[in-house]
Amino acid sequence: MNRGKLLTVIFLVTAVPTAAVIAAVRSEPIQPIEPAKVANPALVELGKKLYFDPRLSKSGFISCNSCHNLSMGGTDNIKTSIGHNWQEGPINAPTVLNSSMNLAQFWDGRAADLKEQAGGPIANPGEMAFSHVLAVDVIQSIPGYTEEFKKAFGNETVDIDKMTLAIAAFEETLVTPNSRFDLWLKGDDKALTKVELEGYTLFRDSGCVACHNGPAAGGNSFQKMGLIEPYKSTSPSEGRSAVTGKDADRFNFKVPTLRNVELTYPYFHDGAANTLGEAVDIMGRLQLGRKFSDEENAKIVSFLKTLTGDQPSFLLPILPPSADNTPRPTPFEK
Ligand code: HEC
Ligand code: HEC
């Protein structure tokens, strides 16, 4: 056999199993989540520290992780978040997991991307209640941080742009691959039980996938909450119309991701649904005009729980200590 032929044979032999694997990825409206690729590890490390650092808040007590707790699916598991001075927030905290896949950030999409979003809570009087200038002053005064800025950006100057870029780079790593549903999508027939698969079939065939699709099973469109039947809520939020000013966008919200939804209770922008069963019942009636039986509801819930993927896993970041001249926090305000 000549060399060219031999290479062709080797190519065919190695190509066959690869092709088989590709063919086994099922063609469904939801696609598997792939692991994150890290381009700049120093930037991600810096962003991780900032994410966990409560010194970005006026009180010195609230970090991003306070409301988006990575031990709890990237949420706070309360109806609406608690911010500075125990203020009750107006809206439920969405998960940060897989948030890089969102078409825009926030329930109404008012931030274009993660970098733009990250500046919001620091300066929000109801959340971290700080200012960008003060947050930069604090971080710039900490020698352990300026070293990290040098590693990530090539110089020690701290500014809000670099801070939010680093936080966003860390958030981009917060993806959750390898859920049982993804294993099934990739061809593993045994990854789902019969009931879970029936739940998925119901979810797909009754029309939930019209809005919950793509790798995140949501996050890629704004849709009306209460399409068939109006949604009754005590929350003043009107959703997308706050951004566009258009009446047609009232009560349009970003469709939340259903990835890890088992962990991210309570549900909806007002946090009014405590359980998945309740959320599925409301979705069926209000979005599809369909009342699921208890058995159907339980099947869909069992499918939704297969969307829980590998949670972010890393060593708890140890934050560099404040220096003598670091501005001190104001934990209480009368
Ligand atoms: C006091 C609680 C609180 C803190 C602290 C907080 N967040 Fe949030 N976060 C929220 C709430 C509530 C929302 C939803 C607000 C809205 O949509 O109007 C949100 C929305 C988000 C979103 C958008 C997710 C989506 O699907 O739209 C991201 C990303 C996010 N926060 C990241 C962060 C980062 C990074 C920090 C730290 C710099 C942070 N948050 C600090 C409560 C908080
Ligand atoms: C017409 C679009 C649409 C359809 C169809 C739809 N949803 Fe939703 N879904 C949404 C929107 C929008 C929200 C957020 C609503 C809000 O918070 O006010 C949502 C929220 C949810 C939530 C809560 C997630 C969270 O983190 O708060 C679950 C669970 C859910 N949907 C499941 C389903 C199921 C199951 C079906 C099919 C029975 C379905 N959805 C059909 C648009 C849709």
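A residue counts as near a molecule if its C-beta atom, placed from the backbone, lies within 6 Å of it. With that in hand, here are some close-up views of a predicted model.

**View 1. The shell around ligand 1 holds 26 residues.** Those that come nearest to ligand 1 are C64, C67, P94, F106 and P121. Two helices, α3 (64-67) and α4 (114-123), each supply at least two residues of this shell. Helix α4 gives the most, with five residues. Sorted by class, the surroundings of ligand 1 come to 15 nonpolar, nine polar and two charged residues.

**View 2. F106, one of the residues that come nearest to ligand 1, sits in a loop.** Look for F106 between β2 (87-88) and α4. Its backbone has a positive phi of about 85°, although F106 is not a glycine. Most residues other than glycine have a negative phi. F106 counts as partly exposed because it has 19 C-beta neighbours inside 10 Å, and a residue needs 20 or more to be buried.

**View 3. The shell around ligand 2 also holds 26 residues.** Here the closest are C208, C211, M225, F268 and M283. Helix α11 (residues 276-288) provides the largest share of this shell, with six residues. The class count for the surroundings of ligand 2 is 18 nonpolar and eight polar residues, with no charged ones.

**View 4. E238 lies in the loop between β3 (222-224) and α10 (241-244).** From E238 to M225 it is 13 residues along the sequence and 9.8 Å in space, C-alpha to C-alpha. M225 is among the closest residues to ligand 2. Leaving aside residues up to four places away in sequence, E238 touches R250 and F251. E238 counts as partly exposed because 14 C-beta neighbours lie inside 10 Å.

**View 5. The loop between β4 (252-254) and α11 contains P266 and N260.** The peptide bond that leads from Y265 to P266 is cis, with omega near -10°. N260 has a positive phi of about 60° although it is not a glycine. Most peptide bonds are trans, and most residues other than glycine have a negative phi. Is N260 buried or exposed? N260 counts as buried, because 21 C-beta neighbours lie inside 10 Å.

**View 6. Helix α2 (residues 41-52) packs against helix α6 (residues 143-153).** The two helix axes are 7 Å apart and make an angle of about 145°. Where they pass each other, α2 and α6 form a left-handed crossing. On the α2 side the contact is made by A42, L43, E45 and L46, and on the α6 side by E148, F149, K151 and A152. Five of the contact residues are nonpolar and three are charged, with no polar ones.

**View 7. Domain 1 (41-171) meets domain 2 (180-307).** The centres of the two domains, taken over C-alpha atoms, are separated by 27 Å. At the place where they touch, 21 residues of domain 1 are in contact with 27 residues of domain 2. The domain 1 side of this contact has nine nonpolar, nine polar and three charged residues.

**View 8. Stepping back, the whole protein chain has twelve helices and four strands.** Its C-alpha atoms fill a box of roughly 70 × 70 × 35 Å along the principal axes. Of the 334 residues in the chain, 38% are buried.

Conventions
Residues are numbered from 1 along each chain as its sequence is written. Chains are lettered from A and ligands numbered from 1 in the order in which they are written. This is a predicted model: local features need pLDDT of at least 70, side-chain atom pairs count only at pLDDT 80 or more; totals for chains, interfaces and linings use all residues. Ala, Val, Leu, Ile, Met, Phe, Trp, Tyr, Cys and Pro count as nonpolar, Asp, Glu, Lys and Arg as charged, and the others, Gly among them, as polar. Domain bounds come from an automatic or database domain assignment. Two residues are in contact if their C-beta atoms, placed from the backbone, lie within 7 Å. Axes are lines fitted to C-alpha atoms, for helices over the stretch in contact, and angles run from 0 to 180 degrees between N-to-C directions. A crossing is left-handed if the near helix is turned anticlockwise from the far one by less than a right angle, and right-handed if clockwise. A residue is buried if 20 or more other C-beta atoms lie within 10 Å of its own, exposed if 12 or fewer, and partly exposed in between; C-beta atoms are placed from the backbone.
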